[in-house]
Amino acid sequence: MTDPFSPEVVEQIARHMNDDHSDDNVLIVRALGGIPAATAARMSGMDADAMEFAAVVDGIEVPVRIPFSERLAGRRQVRAEAVRMYRDACAALGVTPSH
(Lines give C-alpha, C1' and ligand atoms only; values in the text may rest on other atoms or scores of the structure.)
Protein backbone atom coordinates (compact mmCIF):
# COMPACT_ATOMS: atom_id res chain seq x y z
CA MET A 1 0.00 0.00 0.00
CA THR A 2 1.37 3.43 -0.90
CA ASP A 3 1.56 6.30 1.52
CA PRO A 4 -0.88 9.12 0.67
CA PHE A 5 1.39 11.84 2.05
CA SER A 6 4.10 13.37 -0.11
CA PRO A 7 7.26 14.72 1.55
CA GLU A 8 5.99 18.26 0.87
CA VAL A 9 2.70 17.60 2.65
CA VAL A 10 4.47 16.02 5.62
CA GLU A 11 6.77 19.05 5.81
CA GLN A 12 3.78 21.43 5.79
CA ILE A 13 1.98 19.48 8.51
CA ALA A 14 5.13 19.25 10.63
CA ARG A 15 5.78 22.98 10.25
CA HIS A 16 2.23 23.74 11.42
CA MET A 17 2.45 21.33 14.36
CA ASN A 18 5.85 22.66 15.42
CA ASP A 19 5.09 26.35 14.92
CA ASP A 20 1.53 26.44 16.24
CA HIS A 21 1.22 23.40 18.54
CA SER A 22 4.60 22.81 20.16
CA ASP A 23 3.06 22.50 23.63
CA ASP A 24 0.53 20.00 22.26
CA ASN A 25 3.39 17.95 20.83
CA VAL A 26 4.91 17.63 24.30
CA LEU A 27 1.62 16.51 25.84
CA ILE A 28 1.09 13.94 23.08
CA VAL A 29 4.58 12.52 23.50
CA ARG A 30 4.29 12.41 27.29
CA ALA A 31 0.92 10.69 27.39
CA LEU A 32 0.61 8.68 24.17
CA GLY A 33 4.27 8.12 23.41
CA GLY A 34 5.16 6.80 26.82
CA ILE A 35 7.80 9.49 27.42
CA PRO A 36 6.54 11.28 30.58
CA ALA A 37 9.88 13.01 31.14
CA ALA A 38 9.87 14.78 27.75
CA THR A 39 10.62 18.48 28.08
CA ALA A 40 10.21 19.28 24.37
CA ALA A 41 8.97 17.55 21.25
CA ARG A 42 8.83 18.39 17.59
CA MET A 43 6.98 16.54 14.90
CA SER A 44 9.64 14.96 12.72
CA GLY A 45 7.54 13.01 10.23
CA MET A 46 4.48 10.94 9.57
CA ASP A 47 2.94 8.38 7.31
CA ALA A 48 -0.54 6.94 6.94
CA ASP A 49 -0.14 4.93 10.16
CA ALA A 50 1.56 7.22 12.67
CA MET A 51 2.97 10.59 13.59
CA GLU A 52 6.65 10.75 14.51
CA PHE A 53 8.29 13.08 16.98
CA ALA A 54 11.76 13.91 18.21
CA ALA A 55 11.36 14.25 21.97
CA VAL A 56 13.92 15.73 24.33
CA VAL A 57 14.55 13.75 27.52
CA ASP A 58 17.38 14.78 29.84
CA GLY A 59 18.84 16.87 27.02
CA ILE A 60 18.90 13.93 24.60
CA GLU A 61 16.66 13.73 21.53
CA VAL A 62 14.83 10.41 21.21
CA PRO A 63 12.52 9.24 18.41
CA VAL A 64 8.87 8.56 19.25
CA ARG A 65 6.32 7.03 16.89
CA ILE A 66 2.66 7.32 17.90
CA PRO A 67 0.14 5.32 15.88
CA PHE A 68 -3.06 6.87 14.59
CA SER A 69 -6.36 5.29 15.61
CA GLU A 70 -6.75 4.10 12.01
CA ARG A 71 -4.80 4.22 8.77
CA LEU A 72 -5.27 7.66 7.19
CA ALA A 73 -6.17 7.94 3.52
CA GLY A 74 -5.70 11.68 3.02
CA ARG A 75 -4.67 15.02 4.41
CA ARG A 76 -8.15 15.99 5.61
CA GLN A 77 -8.00 13.22 8.23
CA VAL A 78 -4.75 14.46 9.75
CA ARG A 79 -6.27 17.43 11.59
CA ALA A 80 -9.00 15.32 13.17
CA GLU A 81 -6.48 12.71 14.23
CA ALA A 82 -4.08 15.32 15.66
CA VAL A 83 -6.95 16.85 17.66
CA ARG A 84 -7.96 13.39 18.92
CA MET A 85 -4.39 12.67 19.98
CA TYR A 86 -4.17 16.02 21.79
CA ARG A 87 -7.48 15.50 23.60
CA ASP A 88 -6.58 11.90 24.54
CA ALA A 89 -3.25 13.14 25.88
CA CYS A 90 -4.94 15.86 27.93
CA ALA A 91 -7.38 13.34 29.38
CA ALA A 92 -4.58 10.92 30.25
CA LEU A 93 -2.56 13.65 31.94
CA GLY A 94 -5.49 15.34 33.68
CA VAL A 95 -4.97 18.56 31.74
CA THR A 96 -7.87 20.71 30.56
CA PRO A 97 -7.65 21.12 26.77
CA SER A 98 -7.06 24.74 25.77
CA HIS A 99 -8.63 24.27 22.34
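**Stop 1: a charged trio**

Welcome! Start by selecting Asp47, Glu52 and Arg65, which are joined in a network of salt bridges. Keep in mind as you look around that this is a predicted model.

Now show just Arg65 and Glu52. Their side chains form a salt bridge, at 2.6 Å from N to O. This pair ties together distant parts of the chain, since Arg65 belongs to strand E3 and Glu52 to strand E2, 13 residues apart. How exposed are the two partners? Arg65 is partly exposed, with a relative accessible area of 42%, and Glu52 is partly exposed too, at 27%.

**Stop 2: two bridges inside helices**

The structure holds seven salt bridges, and the next two to visit each sit within a helix.

Select Glu11 and Arg15. They form a salt bridge whose closest N and O atoms are 3.2 Å apart. Look along helix H1 from one to the other: the two are about one helical turn apart, because four residues separate them in the helix. Arg15 is partly exposed, with 43% relative accessibility.

Then jump to helix H3 and select Arg84 and Asp88. Here the closest N and O atoms of the salt bridge are 2.5 Å apart. Once more you are looking at a spacing of four residues, about one turn of the helix. Arg84 is partly exposed at 25% relative accessibility, and Asp88 is partly exposed at 33%.

**Stop 3: the two sides of helix H1**

Go back to helix H1 and select residues 7-20. These 14 residues reach 20 Å from the first C-alpha to the last, close to the 20 Å expected at 1.5 Å a residue.

Which residues of H1 are buried? Colour Val9, Val10, Ile13, Ala14 and Met17 to see them. They lie on the same side of H1, because they cover an arc of only 130° around the axis. Pick a second colour for Pro7, Glu8, Glu11, Asp19 and Asp20, which are exposed on the other side of the helix. You have met Glu11 already, as the salt-bridge partner of Arg15.

What covers the buried residues of H1? Show helix H2 (22-32), strand E1 (40-46), strand E2 (50-57) and helix H3 (76-93), which are among the parts that do so.

**Stop 4: a close look at Met17**

Zoom in on Met17, which sits in helix H1. Is Met17 buried or exposed? With a relative accessible area of 6%, Met17 is buried. Leaving out residues up to four places away in sequence, Met17 touches Ser22, Asn25, Met43, Met51 and Ala82. If you would like to try a distance tool, pick the C-alpha atoms of Met17 and Leu27: these residues are 10 apart along the chain, and the atoms are separated by 12 Å.

**Stop 5: the nonpolar core**

For the last stop, select Phe5, Val29, Met43, Met46, Met51 and Phe53. Of the 29 residues in the largest nonpolar core, these touch the most other members. H1, H2, E1, E2, strand E3 (60-67) and H3 each supply at least two residues of this core. Which element gives the most? That is H3, with six residues.

Finish by centring on Met46. Apart from its neighbours within four places in sequence, Met46 is in contact with Phe5, Val10, Ile13, Met51, Glu52, Phe68 and Val78. One of these contacts, Glu52, brings you back to the network where the tour began, alongside Asp47 and Arg65.

Terms used
Residues are numbered from 1 along each chain as its sequence is written. This is a predicted model: local features need pLDDT of at least 70, side-chain atom pairs count only at pLDDT 80 or more; totals for chains, interfaces and linings use all residues. Side-chain values use heavy atoms; hydrogens and water are left out. The expected span of a helix is 1.5 Å times one less than its number of residues. Buried means under 20% relative accessible area, exposed over 50%, partly exposed in between (1.4 Å probe, protein chains only). The arc is that of the directions from the helix axis to the C-beta atoms. Contact means heavy atoms within 4.5 Å. A nonpolar core is a set of buried Ala, Val, Leu, Ile, Met, Phe, Trp, Tyr and Cys residues joined through side-chain atoms within 4.5 Å. A salt bridge is a side-chain nitrogen of Lys or Arg within 4 Å of a carboxyl oxygen of Asp or Glu.
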